Amino acid sequence: MSFLRPSDEPSVAIRQLSRWLEADNPEPLLIGTSGSTGKPKGVVLPRRAVLASVEASARRLGESGRWLLALPSSYVAGVQVIVRSLVAGHEPIVVEGLDVGRAAATDHSGTTPLFVSLVPTQLHRMVGEPEQVAALARFHTVLVGGGPIDRDLRRRAEEHGINLVATYGSSETAGGCVYDGVPLDGVSVTLGDGGRIEIAGPVLFSHYDADPALTAETVVDGRFLTSDAGRLDADGRLVVLGRIDDVVISGGVKIPVEVVAERLRQHLLIEGAEVFGLPDPEWGQRLIAVVVGNADEPELRDWISMVHPRSWAPREFVWAPSLPLLANGKVDRQAIQASL
C-alpha cells in the first residue's frame with residue numbers, strides 16, 4: 001500500500017497536500033508520531049478522517065480563514081494547519097523563527113480571519129514578547145495543543161486579549177478532537193478502565209503501518225483506546241490527567257506524575273517542569289522533578305501540598321537550564337528520563 005508522507009519542508013508539504021486534496025482517490029497519509037513518551041509509530045490517516053476533523057473544527061470555532069504554520073509540517077498538527085487553510089481557500093503562511101507578528105504582517109487578505117496553532121512551550125515564549133502578544137491578540141483563535149497548558153499561562157494570555165482554545169488529540173484522531181474539554185461534533189469520548197480515555201468518530205485513523213497487532217490492541221469495537229487517563233469535571237468537560245502509565249507508586253502511594261508537574265509549572269518562579277519515578281530500595285520508586293527556574297525546594301514542596309497530598313511532593317529536584325525538545329516542540333521526556 002502506498003502512502004503520502006508529508007514533507008518536513010513546509011513549502012513542499014503545502015504543495016503535496018494541495019494536490020492530495022484535489023485528487024480523485026488519494027492515498028492515505030502516513031504520519032509519524034513524535035515518540036515523546038514511547039516508540040514512534042506510523043499512523044495511517046485516510047482523507048475522510050482529516051476532512052472530518054477540519055470541518056468539525058471550523059464548526060466549533062464558528063469561522064474559517066487563513067492559518068499560520070508555526071509547527072512542523074510532517075506532524076499531524078502541522079498537516080492540519082495546512083489543510084484547514086487550504087480548504088478555506090487560503091495558502092498558509094509559514095512562520096519563521098516563531099515571529100508570528102512578522103508572518104501575520106504579510107497577510108494582505110483584508111478581513112480574512114487569522115488562526116494559528118501552537119504548543120504550550122511556544123506560547124510561553126511568546127507571551128513574554130509584547131510584539132508577539134499584540135499579534136496573537138488580533139487572531140480569531142489560537143489553538144494550543146500537544147501538551148497541558150497550565151492555568152497561569154492561560155490566564156496571562158487571556159489578559160492580553162488572546163482567544164485561546166486548548167485542544168486534546170493525537171495523530172490517531174487526526175489531531176485535536178476535544179476543544180476546551182468538549183469533543184468536536186461527531187466525536188465521542190468515554191472513560192474506560194482506570195479512567196483510560198477512549199475516542200470514537202469519523203476522525204479516527206485506519207491502522208498502524210506494518211503493525212496489525214498494535215492496531216487490534218488499540219482499536220476495539222470502533223473505539224481508539226488512548227494511552228491517557230482522564231476524568232470529567234462538574235460540567236462534563238474532559239480533564240486529561242496524563243498517561244495511563246504515568247503513575248508512580250512510592251511507599252504504597254499512587255502519584256500521577258503529570259498532575260504534580262502541572263502544579264509545579266503553575267509556580268511563578270518555574271519556567272518548566274517534568275516529573276518521573278526512579279527505582280528506590282526503600283520506597284519502591286521515588287519521585288524526582290526536573291525543573292527550570294529559581295525557587296527553593298521546601299517552597300515547592302509546600303506549593304504542591306497546598307492542593308495535593310504532601311506525599312505527592314518530589315523527594316528530589318534536579319535543576320536544569322532548559323528542557324530538551326523534539327522537533328514538534330514537545331518536551332522530550334525520553335531524553336530526560338535517560339539522563340536520569
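**Exercise 1. Find which residue of β9 stands opposite Tyr-179, and describe the pairing and the sheet around it.**

Solution. In this predicted model, Tyr-179 stands opposite Val-182, a residue of β9. The next step is to look at the strands themselves: β8, which covers residues 175-179, pairs with β9 in the antiparallel sense, and the pairing extends over 2 bridges. Both strands belong to an open sheet of 7 strands, whose order is β4-β3-β5-β6-β7-β8-β9 and whose pairing is mixed. The strands at the edges are β4 (93-94) and β9 (182-183), and because each of them has a single partner strand, one side of each is left without a neighbour in the sheet.

**Exercise 2. Decide whether Leu-98 is buried, partly exposed or exposed, and do the same for Ala-174.**

Solution. Begin with the backbone of Leu-98, which has a positive phi of about 60° although this residue is not a glycine. Leu-98 is found in the loop that lies between β4 and α4 (100-105). Its relative accessible area is 22%, and since the class between 20% and 50% is called partly exposed, Leu-98 is partly exposed.

Turn now to Ala-174, where phi is near 60°, again a positive value in a residue other than glycine. The place of Ala-174 is in the loop between β7 (164-170) and β8. With a relative accessible area of 1%, Ala-174 is buried, because buried means under 20%.

**Exercise 3. Work out how β10 and β11 pair, and which residue of their hairpin takes a positive phi.**

Solution. Strand β10 (residues 188-191) and strand β11 (residues 196-200) pair in the antiparallel sense, and 4 bridges are found between them. One of the residues to check is Thr-190, whose bridge partner in β11 is Glu-198. Between the two strands of this hairpin there are 4 residues, and in the hairpin Gly-194 takes a positive phi near 70°.

**Exercise 4. Describe helix α2 by its span and its buried residues, and state what follows just after it.**

Solution. Helix α2, residues 47-61, has 15 residues, and the distance from its first C-alpha to its last is 21 Å, which is close to the 21 Å expected at 1.5 Å a residue. Its buried residues are Ala-49, Val-50, Ala-52, Ser-53, Val-54, Ala-56, Ser-57 and Leu-61. When reading such a list, it helps to remember that an α-helix has 3.6 residues a turn, so residues three or four places apart point the same way. Just after α2 comes Gly-62, which takes a positive phi of about 80°.

**Exercise 5. Classify how α3 lies against α2 and against α1, and name the residues in contact.**

Solution. For the first pair, the axes of α2 and helix α3 (residues 76-87) come within 10 Å and cross at roughly 70°. Because angles from 65 to 115 degrees count as roughly perpendicular, α2 is roughly perpendicular to α3. On the side of α2, the contact is made by Val-50, Leu-51, Ser-53, Val-54 and Ser-57, while α3 contributes Gln-80, Val-83, Arg-84 and Val-87. The crossing of these two helices, α2 and α3, is right-handed.

For the second pair, the axes of helix α1 (residues 10-22) and α3 come within 10 Å and cross at roughly 55°, and α1 and α3 are therefore oblique to each other. The contact joins Ala-13, Ile-14, Leu-17, Ser-18 and Leu-21 of α1 to Val-79, Ile-82, Val-83, Leu-86 and Val-87 of α3. The crossing in which α1 passes α3 is right-handed.

**Exercise 6. Reconstruct the sheet that contains β18, and say which helices pack on it.**

Solution. This open sheet is formed by 3 strands in the order β18-β19-β20, with mixed pairing. At its edges stand β18 (270-280) and β20 (316-319), each with a single partner strand, so one side of each is left without a neighbour in the sheet. Neighbouring strands of this sheet are turned by 25° against each other on average, if direction is ignored. Strand β19 (residues 284-293) runs antiparallel to β18, and 10 bridges join the two; among them, Asp-280 has Gly-284 of β19 as its bridge partner.

Helix α9 (residues 257-265) packs on the sheet and touches β18, β19 and β20, its direction making about 150° with that of β18. Helix α10 (residues 297-305) also packs on the sheet, touching β18 and β20, and its direction makes about 120° with that of β20. Pro-298 lies in α10, and at 51% relative accessibility this proline counts as exposed.

Terms used. Residues are numbered from 1 along each chain as its sequence is written. This is a predicted model: local features need pLDDT of at least 70, side-chain atom pairs count only at pLDDT 80 or more; totals for chains, interfaces and linings use all residues. Side-chain values use heavy atoms; hydrogens and water are left out. Two strands pair if DSSP finds at least two bridges between them. Axes are lines fitted to C-alpha atoms, for helices over the stretch in contact, and angles run from 0 to 180 degrees between N-to-C directions. Contact means heavy atoms within 4.5 Å. The expected span of a helix is 1.5 Å times one less than its number of residues. Buried means under 20% relative accessible area, exposed over 50%, partly exposed in between (1.4 Å probe, protein chains only). Angles under 35 degrees count as roughly parallel, over 145 as roughly antiparallel, 65 to 115 as roughly perpendicular and the rest as oblique. A crossing is left-handed if the near helix is turned anticlockwise from the far one by less than a right angle, and right-handed if clockwise.
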